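The report below considers the fold, the packing and the charged pairs of one protein chain. Please keep the sequence and the model in view while reading.

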Amino acid sequence: MRPTRIIPLLLLLLTLTGCAAQTPSQRIGRLPPDASPEPPLLDVYIKDSNTIVRMDAETYVAGVVAGEMPGDWPLEALKAQAILARTYVLKFLTEKTSRYSGADISTDIAEAQAYDADAVNAHILTAVQETAGEILLAPDGTLPYTWFHAHSGGTTALARESLDWQQAEPAHTKVTAGLDSDAAPDSAKSWRAEFTADDFARACHDAGYPVPRCDSLAIGETGPSGRAVTLVVSGVSVNAARLRISLGSTQMRSTLLTELSLEEGVIRMSGRGYGHGVGMPQWGAFALAEDGLTGEDIALHYYSGLSLVRVWE
């Protein structure tokens with residue numbers, strides 16, 4: 001059962017809307033004067049220790065930021081990551097139930113976000129404290145999906161083209177320049193991978209596509225960002241985002257492909273970027289922070305129509 005401090009907060013979220021203005025301090029919507037909730041308490045399943053630990057939401061967010069972004073990155077990039085992480089956990093609480101009995105959310109990346117309490121440092125704590133309670137909201141007051149990824153490869157993507165998203169495209173996603181930092185490692189900017197035809201066919205099967213063997217291969221449909229939406233494998237149309245997970249997202253690092261070939265039973269692929277490409281690229285956040293943007297500005301930059309609200313102090 002969820003700690004009772006979560007319930008009033010979730011009800012309050014239904015009444016909040018963002019307010020547009022010119023500076024972050026003016027742009028952040030605030031709670032009504034008679035409502036000043038503290039961060040909600042969460043029962044978090046810690047996968048590494050197989051235990052449930054009760055902590056406040058800001059402590060959880062600090063562990064997520066440490067798990068998702070290096071602790072020596074620019075402060076404003078860390079602040080943007082904290083805002084997205086905080087929005088994510090509230091979105092999860094309003095829509096989902098943890099797969100772990102007795103928990104509100106977990107540190108299992110198959111369910112939620114990366115988490116590393118041991119990597120939390122003073123820099124990360126400052127980022128979390130300076131954005132305490134800040135989240136993103138859609139114009140109707142609902143919580144958005146605040147997707148992020150490592151490197152855009154030059155341009156961000158829509159959810160339906162690169163996440164195997166089956167619902168209507170969210171109004172806040174957009175295709176825009178990723179503005180990724182030149183400081184990003186080569187392994188994030190571009191990638192190459194090879195697979196045997198047998199392994200590739202097996203991955204298609206595991207992704208839900210009956211491909212008995214791989215004897216022909218081509219890019220099928222592409223999306224607005226240029227990413228492959230489908231690959232045609234032996235005449236079968238295979239969703240590229242789903243196949244990427246089946247092949248391994250550290251090998252097929254994106255669906256923004258620059259090469260795809262099949263020769264003598266070996267499939268060679270290359271592409272740009274690292275991750276699904278939707279929402280904020282972390283290396284883009286790094287660059288914008290280096291350029292002097294605030295964490296609030298960075299958090300808003302890669303989405304359309306969202307605003308900032310502070311739901312607790």
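Which residues have the most contacts inside the largest nonpolar core? They are Tyr60, Leu90, Leu136 and Met280, in a core of 54 residues; a nonpolar core is here a set of buried Ala, Val, Leu, Ile, Met, Phe, Trp, Tyr and Cys residues joined through side-chain atoms within 4.5 Å. The elements that give two or more residues to this core are S2, H3, H4, H5, strand S5 (134–137), helix H10 (282–290), helix H11 (295–301) and strand S14 (307–310), and H4 gives the most, with eleven residues. In soluble globular proteins, nonpolar side chains tend to be buried together.

The model is predicted, so that local features need pLDDT of at least 70 and side-chain atom pairs count only at pLDDT 80 or more, whereas totals for chains, interfaces and linings use all residues. Residues are numbered from 1 along each chain as its sequence is written, and side-chain values use heavy atoms, with hydrogens and water left out.

**Overall fold**

The protein chain contains eleven helices and 14 strands, these being DSSP runs numbered from the N terminus (helices H or I, at least four residues; strands E, at least two). Of its 313 residues, 55% are buried, where buried means under 20% relative accessible area, exposed over 50%, and partly exposed in between, with a 1.4 Å probe and protein chains only. Among contacts (heavy atoms within 4.5 Å) between residues at least 6 apart in sequence, 69% join residues at least 24 apart.

**Helix H3 and the cores**

Helix H3 comprises the twelve residues 57–68, which should span 16 Å at 1.5 Å a residue, and the end C-alpha atoms are indeed 16 Å apart; the expected span is 1.5 Å times one less than the number of residues. Nine of the twelve residues of H3 are buried, among them Tyr60, Val61 and Val64. The cover over these buried residues includes strand S2 (41–46), strand S3 (51–56), helix H4 (75–95), strand S4 (105–106) and helix H5 (122–130). At the N-terminal end of H3, Asp56 acts as a cap, with a side-chain oxygen 2.9 Å from the backbone nitrogen of Glu58.

Residues up to four places away in sequence aside, Met280 touches Met69, Ala80, Gln81, Leu84, Trp147, Phe148, His149, Ala285, Ile298, Tyr302 and Tyr303. A second, separate core of 24 residues includes Phe195, Cys204, Ala240 and Leu243.

**Two buried residues, Met269 and Arg244**

Met269, in strand S12 (residues 266–272), is buried, with a relative accessible area of 1%. Its C-alpha atom is separated by 5.3 Å from that of Ala193, although the two residues are 76 residues apart along the chain. Beyond four places in sequence, the residues that Met269 touches include Trp191, Phe195, Phe200 and Leu231.

Arg244 belongs to helix H9 (residues 240–247). This arginine is buried yet has no salt bridge, and the nearest side chain of opposite charge, Asp164, is 11 Å away; Lys and Arg count as positive and Asp and Glu as negative, while His and the chain ends are not counted. A polar atom of the Arg244 side chain does, however, lie 3.0 Å from the backbone oxygen of Arg253.

**Salt bridges**

The whole structure holds 13 salt bridges, each defined by a side-chain nitrogen of Lys or Arg within 4 Å of a carboxyl oxygen of Asp or Glu. Three of these pairs are listed here.

| Pair | N to O distance |
|---|---|
| Lys79 and Glu76 | 3.3 Å |
| Arg99 and Glu111 | 3.9 Å |
| Arg202 and Asp199 | 2.6 Å |

Arg99, in the loop between H4 and S4, and Glu111, in the loop between S4 and H5, are twelve residues apart; Arg99 is exposed, at 53% relative accessible area, whereas Glu111 is buried, at 9%. Lys79 and Glu76 both lie in helix H4, three residues apart, about one turn of the helix, and Lys79 counts as buried at 8% relative accessibility. Arg202 and Asp199 likewise both lie in one helix, H8 (residues 197–206), three residues apart, with Arg202 partly exposed at 46% and Asp199 partly exposed at 38%. Salt bridges that share partners join Glu76, Lys79 and Glu130 into one network.

Technical notes:
Polar contact = N/O pair within 3.5 Å; in protein donor to acceptor, adjacent residues only side chain to side chain.
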